[in-house]
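Visitor: I would like to go through this model one feature at a time. Please give the cut-offs along the way.

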Amino acid sequence: MGIEKYWDILDLPHHVSATRAHRTMLERAAQFSAFAALTGYEDAIEETGRRTESMVQLDEDAIALLDEQLRQVVERIREQPTVEMTFFQPDARKEGGSYVTLTAQIRKLDPIARTLTTVQGRTVPIDSIVSLSVLSEN
């Protein structure tokens, strides 16, 4: 009852399907690859562990200093002064955010929208700025 049972088909040519394309060894092996039942689980764990900061509230002295620095920027806005500012950037995925320090030339200050716009086109809300210093006039 061994191989003798298949002697009649042993030398037949390999079957080639007329309706299905030939698959490579890699494609055939892929059907046996491990199944990832928890797709995205590692990313979710990493996101949960990522830390964010809370936005600090400035005291009256810090607000007065920031207002003075903004006034200097407004006075020199035609010169597109280079400033260094630190501001709070909210996180897109969770509560909180992070502080970003940016050195850039200021193109525009919008008092109604309360934003600063850099020459590169980045808009920063004035209310999120915690420090600002004018580095030069260009």
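Visitor: Which residues of α3 are buried?
Guide: This is a predicted model, in which local features need pLDDT (the predictor's confidence in each residue, from 0 to 100) of at least 70, side-chain atom pairs count only at pLDDT 80 or more, and totals for chains, interfaces and linings use all residues. Residues are numbered from 1 along each chain as its sequence is written, and side-chain values use heavy atoms, with hydrogens and water left out. Buried means under 20% relative accessible area, exposed over 50% and partly exposed in between, with a 1.4 Å probe and protein chains only. By that criterion the buried residues of α3, a helix (a DSSP run of H or I, at least four residues; strands are runs of E, at least two; both numbered from the N terminus), are L66, Q69, L70 and V73.

Visitor: Within what arc do the buried residues of α3 fall?
Guide: The arc is that of the directions from the helix axis to the C-beta atoms. On the other side of α3, E60, D61, L65 and E75 are exposed. The buried residues line one face of the helix, because seen down its axis they fall within an arc of 100°.

Visitor: What covers the buried residues of α3?
Guide: Contact means heavy atoms within 4.5 Å. The cover includes β1, β2, β3 (115-118) and β5.

Visitor: Which element gives the most to the largest nonpolar core?
Guide: A nonpolar core is a set of buried Ala, Val, Leu, Ile, Met, Phe, Trp, Tyr and Cys residues joined through side-chain atoms within 4.5 Å. The largest has 15 residues, and M85, F87, L116, I129 and L132 have the most contacts inside it. Two or more residues each come from α3 (60-75), β1, β2 and β5 (129-136). With 4 residues, the element that gives the most is β2.

Visitor: How many aromatic pairs are there in the whole structure?
Guide: Rings of Phe, Tyr and Trp (its six-membered ring) pair if their centres lie within 6.5 Å; planes under 30 degrees apart count as stacked, over 60 as edge-to-face and the rest as tilted. A search of the whole structure gives a count of 1.

Visitor: What is the geometry of the pair formed by F88 and Y99?
Guide: F88 lies in strand β1 (residues 82-90) and Y99 in strand β2 (residues 97-110), 11 residues apart. F88 counts as buried at 8% relative accessibility, whereas Y99 is partly exposed at 25%. With 5.2 Å centre to centre and 65° between the planes, the pair is edge-to-face.

Visitor: Where is confidence lowest in the protein?
Guide: The mean pLDDT is 84, and 95% of the residues reach 70 or more. Confidence is highest in strand β4 (residues 123-125), at 93, and lowest, at a mean of 75, in helix α2 (residues 41-49).
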